[in-house]
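Got your viewer open? Load the model and keep the selection box handy, then follow along stop by stop.

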Amino acid sequence: MANILRKEAFALPEGMIYLDGNSLGPMPKMMPDHLSQMLETEWGHLLIKGWNAAGWMEQPSRVGDMVGRLIGAPPQSVVMGDTLSIKVYQAVAAGLKLNPGRKVILSDTGNFPTDLYMVEGLINTLGQGYVLRTVAPEEVAGAITDEVAVVMLTQVDYRTGRMHDMNAITQSAHDKGAVMLWDLAHSAGAIPVDLAASQAEMAVGCTYKYLNGGPGAPAFIYVRPDLADRIEPALSGWLGHQAPFDFVLNYKPGAGIERMRVGTPPVMQMTALEAAMRLWEDVDMHDLRAASIALQEQFIAEVEARAPALTLASPRDPEARGSQVSFRFAQGYAAMQALIHLDVIGDFRAPDIMRFGFTPLYLDAADVSTAVDRIAKVMDEKLWDDPKYKTRNKVT
Ligand SMILES: *Cc1c(COP(=O)(O)O)cnc(C)c1O
């Protein structure tokens, strides 16, 4: 197995153990120089010529291909832009158009709330009797009936790391004639994904988590190549038009995945993401997965031995887990705050989940042991039982 550790490529504060790369990846070290150079030579010097001369206009597709390689998507089937919430809306709207006559969008109660909220908003806008049905994650396969237009699932549960079987569920959806949409927010850069093999119609995801694109980095959308020229974009913006610079008065969708673009891309964020994606060019996702599982197994064994008050909330079978481990503890919020005070960064998800992400590009076994030492200290010395750790911040 190739060594995939590249700690020196990331700006990690001395002494900090960062177990939150599943929420916001750290900054690649070259980023400040890279961005300041881009600002000077491109925005500063080229100004509007940058759209052509610096390739800003093609950047969403160029970066889309870099992301596509990690999720088993063929070239020119992924495009970047907007935020994940917007991409969910766009994908579900297109999925409903692929399946006229059916009114149910099926999801699960473990899904990240914004995905469900966006579907509610879409349904209200469409006003044609569409309904969102949510069932427990274990019940999804059985709930796919021939009323279901679109099955929308997040592959890896953001709270517990529990993972859906992508190929099996996609097959069940297709058996009933439903369109399959996967949210890969906690999959891209975390686990091997083979979208092409799954035959799913669409996928979306974000890039500021495992891919280290930086806060506010653009999202991605994938459409299966045989459908890309057929789907109807609900967000029919000019940069998804066949000929944006003809400035004609009516919308005509562009070729293939390009039609899923909406408006002007966030060039600075996209430039940061493109630079971050270069760190992935020689990463084999199967090597990364093996390293991730080793770190997670070590973490679970050491936490259970040394902090028995924490109970495992993630599946025990590593094959059923993404790249995070969660533990339940009634005072989880305060315990996480105390731990952050000791420079081990994880996060908290209501009601009682302490969440830790495992990112083998910049974490090794020694980091895991140090993190567990500090978790044991928080628990042994009841450091969580301090009022200063009990008031909740806006972002948890
Ligand atoms: C992180 C995450 C989001 C966030 O959406 P944004 O529009 O980028 O804020 C959405 N869905 C899932 C499943 C997520 O994990």
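In which helix is the place of glutamine 298? Select residues 285–306 and you have the answer: glutamine 298 sits in helix H10. Keep in mind throughout that this is a predicted model.

**Stop 1: glutamine 298**

Show the side chain and its surroundings. Glutamine 298 has 19% relative accessibility, so it counts as buried, the cut-off being under 20%. Leave out anything up to four places away in sequence, and glutamine 298 touches Ala365, Val368 and Ser369. Now draw a distance from the C-alpha of glutamine 298 to that of glutamine 128: the two are 51 Å apart in space and 170 residues apart in sequence.

**Stop 2: zoom out**

Switch to cartoon for the whole protein chain. You should find 12 helices and 13 strands. The radius of gyration is 22 Å, close to the 21 Å that the globule rule gives for 396 residues, so the chain is as compact as a globular protein of that length. Along its principal axes, the C-alpha trace spans about 70 × 55 × 45 Å.

Colour by burial next: buried residues make up 56% of the 396. If you prefer a contact map, take the contacts with a separation of 6 or more; residues 24 or more positions apart account for 72% of them. Turn on the surface and you are looking at about 16,700 Å² of exposed area, 55% of it supplied by carbon and sulfur atoms. For the charges, the chain has 35 positive and 47 negative ones, and their mean positions are 4 Å apart.

**Stop 3: two domains**

Give 7–29 + 284–389 one colour for domain 1, and 55–280 another for domain 2, following the domain assignment. Their C-alpha centres lie 29 Å apart. The contact between them takes 31 residues from domain 1 and 23 residues from domain 2.

**Stop 4: helix H11**

Select 332–341. Here 8 of the 10 residues of H11 are buried, so the helix is largely enclosed by the rest of the structure. The buried ones are Gly332, Tyr333, Ala334, Ala335, Met336, Gln337, Ala338 and Leu339. What do they pack against? Add strands S11 (344–345), S12 (347–349) and S13 (353–357), plus helix H12 (365–380), to see the packing partners. Before moving on, check the backbone at aspartate 343, which follows H11: its phi is positive, near 70 degrees.

**Stop 5: asparagine 22**

Go to the loop between strand S1 (17–18) and helix H1 (31–46), where asparagine 22 is found. Buried or exposed? Asparagine 22 is buried, with a relative accessible area of 0%. Display its contacts, skipping neighbours within four places in sequence, and you get His186, Lys209, Tyr210, Gln324, Arg355 and Gly357.

**Stop 6: aspartate 108**

Last selection: strand S3, residues 104–108, which includes aspartate 108. This aspartate counts as buried, at 1% relative accessibility. Which residues surround aspartate 108, leaving aside neighbours within four places in sequence? Its contacts are Leu116, Thr134, Val135, Ala136, Pro137, Val140, Met152, Leu153, Arg162 and His164. Pick alanine 136 from that set and check the C-alpha to C-alpha distance: aspartate 108 and alanine 136 are 5.4 Å apart in space, with their positions 28 residues apart in sequence numbering.

Key: Residues are numbered from 1 along each chain as its sequence is written. This is a predicted model: local features need pLDDT of at least 70, side-chain atom pairs count only at pLDDT 80 or more; totals for chains, interfaces and linings use all residues. Side-chain values use heavy atoms; hydrogens and water are left out. Helices (H or I, at least four residues) and strands (E, at least two) are DSSP runs, numbered from the N terminus. The radius of gyration is taken over C-alpha atoms; the globule rule is 2.2 Å times the number of residues to the power 0.38. Buried means under 20% relative accessible area, exposed over 50%, partly exposed in between (1.4 Å probe, protein chains only). Contact means heavy atoms within 4.5 Å. Accessible areas come from the Shrake-Rupley method with a 1.4 Å probe; for residues, only the protein chains shown count as cover. Lys and Arg count as positive and Asp and Glu as negative; His and the chain ends are not counted. The place of a charge is taken as NZ of Lys, CZ of Arg, CG of Asp or CD of Glu. Domain bounds come from an automatic or database domain assignment.
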